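Here is a walk through one protein chain, from its overall layout to a few single residues. Keep the structure open while reading.

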Amino acid sequence: MRITADTNVLVRAAVGDDPEQSRLAAAALREAEIIAVSLPTLCEFVSVLARGYAVEAGEIAAAIRRLVDSAAVPVDRPAVDAGLAVFEAGGDFADGVIAFEGRRLGGQVFASFDRKAVELIAATGAETRLLSAE
């Protein structure tokens with residue numbers, strides 16, 4: 001079977017906090033020929049693990065790498081790597097993905113009110129602009 005994994009399936013398999021759902025999630029992932037994982041799913045996965053379960057950033061990054069390194073998991077690897085670079089530097093995974101996707105879609109400058117995001121995206125070599133009323 002070829003599946004698209006929802007965030008809750010990945011979370012249950014990673015966290016194991018609900019024995020029945022965790023068993024079903026792990027079985028579905030193990031039995032799947034292909035596990036399509038979208039960028040929004042990975043963004044939610046990071047957010048849920050970090051905020052909802054207080055999982056350390058290094059553990060989350062390692063879980064993502066294990067997942068995307070599987071031949072059965074097609075992902076947008078350059079976007080995932082961009083998200084991980086920002087995440088492992090202390091920022092939000094989603095910000096790295098957003099900046100990467102924006103550049104790919106023709107946006108030359110990452111613009112945000114989030115100072116930390118702007119600084120971390122700029123550190124990747126991208127052009128940024130901090131929006132401020134000052």
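Of the contacts in the protein with a separation of 6 or more, 51% are between residues 24 or more positions apart. The model is a predicted one. Its mean pLDDT is 96, and 99% of the residues reach 70 or more. By element, the lowest mean pLDDT belongs to α4, at 96, and the highest to β3, at 98.

The chain has 134 residues, of which 37% count as buried. Its secondary structure consists of seven helices and four strands, and from the N terminus on the order is β-α-α-β-α-α-α-α-β-α-β. Along the principal axes, the C-alpha trace spans about 55 × 30 × 20 Å.

The interior comes next. The largest nonpolar core holds 29 residues, and those that touch the most other members are Ile35, Ile64, Val80 and Phe93. Two or more residues of this core come from each of α1 (7-15), α3, α4, α5 and α6. Val80 can serve as a point from which to look around. Apart from neighbours within four places in sequence, Val80 is in contact with Leu39, Leu42, Ile64, Val68, Val75 and Phe93. Two of these partners, Ile64 and Phe93, are themselves named among the residues that touch the most other core members. There is also a second, separate core of eight residues, and Val86, Ala99, Phe110 and Ala126 are among them.

Phe110 leads to strand β3 (109-112). Which way do the side chains of β3 point, and which of them are buried? Phe110 and Ser112 point to one face and are buried, whereas Val109 and Ala111 point to the other face and are not. This follows a general pattern: in a regular strand, side chains alternate between the two faces of the sheet.

Val109, in strand β3, shows the less covered face in numbers. Its relative accessible area is 38%, and because this lies between the cut-offs of 20% and 50%, Val109 is classed as partly exposed. Not counting residues up to four places away in sequence, Val109 touches Glu127, Thr128 and Arg129. The pairing of the strands gives the setting for these contacts. β3 pairs with β4 (127-130) in the parallel sense, over four bridges. Within this pair, Val109 stands opposite Glu127, and Ala111 stands opposite Arg129. As for distance across the model, Val109 and Arg23 are 86 residues apart in sequence, and their C-alpha atoms are 44 Å apart in space.

Between these two strands the chain passes through helix α7, and β3, α7 and β4 together make a right-handed β-α-β unit. Helix α7 covers residues 115-123, and its buried residues are Ala117, Val118, Leu120 and Ile121. Why would buried positions recur at such intervals along a helix? An α-helix has 3.6 residues a turn, so residues three or four places apart point the same way. The buried residues of α7 pack against the two strands of the unit, β3 and β4, and also against α5 (77-88) and α6 (93-104).

Both ends of α7 have a feature to note. At the N-terminal end, Asp114 acts as a cap, with a side-chain oxygen 3.1 Å from the backbone nitrogen of Lys116. After the helix comes Gly125, whose phi is positive, near 100°.

Another positive phi is found at Ala54, near 55°, this time in a residue other than glycine. Ala54 sits in the loop between α3 (39-52) and α4 (57-68). Is Ala54 buried or exposed? Its relative accessibility is 62%, and because the cut-off for exposed is over 50%, Ala54 counts as exposed.

A last residue, Gly102, is located in helix α6. Gly102 has a relative accessible area of 26%, so it is partly exposed. Gly102 and Asp92 are ten residues apart along the chain, and 16 Å separates their C-alpha atoms.

Key:
Residues numbered from 1 in each chain as written. Predicted model: local features only at pLDDT ≥ 70, side-chain atom pairs only at ≥ 80, totals over all residues. Heavy atoms only, no water. Buried < 20%, exposed > 50% of the residue type's maximum accessible area, 1.4 Å probe, protein only. Contact = heavy atoms within 4.5 Å. Polar contact = N/O pair within 3.5 Å; in protein donor to acceptor, adjacent residues only side chain to side chain. Core = buried A, V, L, I, M, F, W, Y, C linked by side-chain atoms within 4.5 Å. Pairing = 2+ DSSP bridges. Right-handed = clockwise from strand over helix to strand, strands pointing away. pLDDT = per-residue confidence, 0-100.
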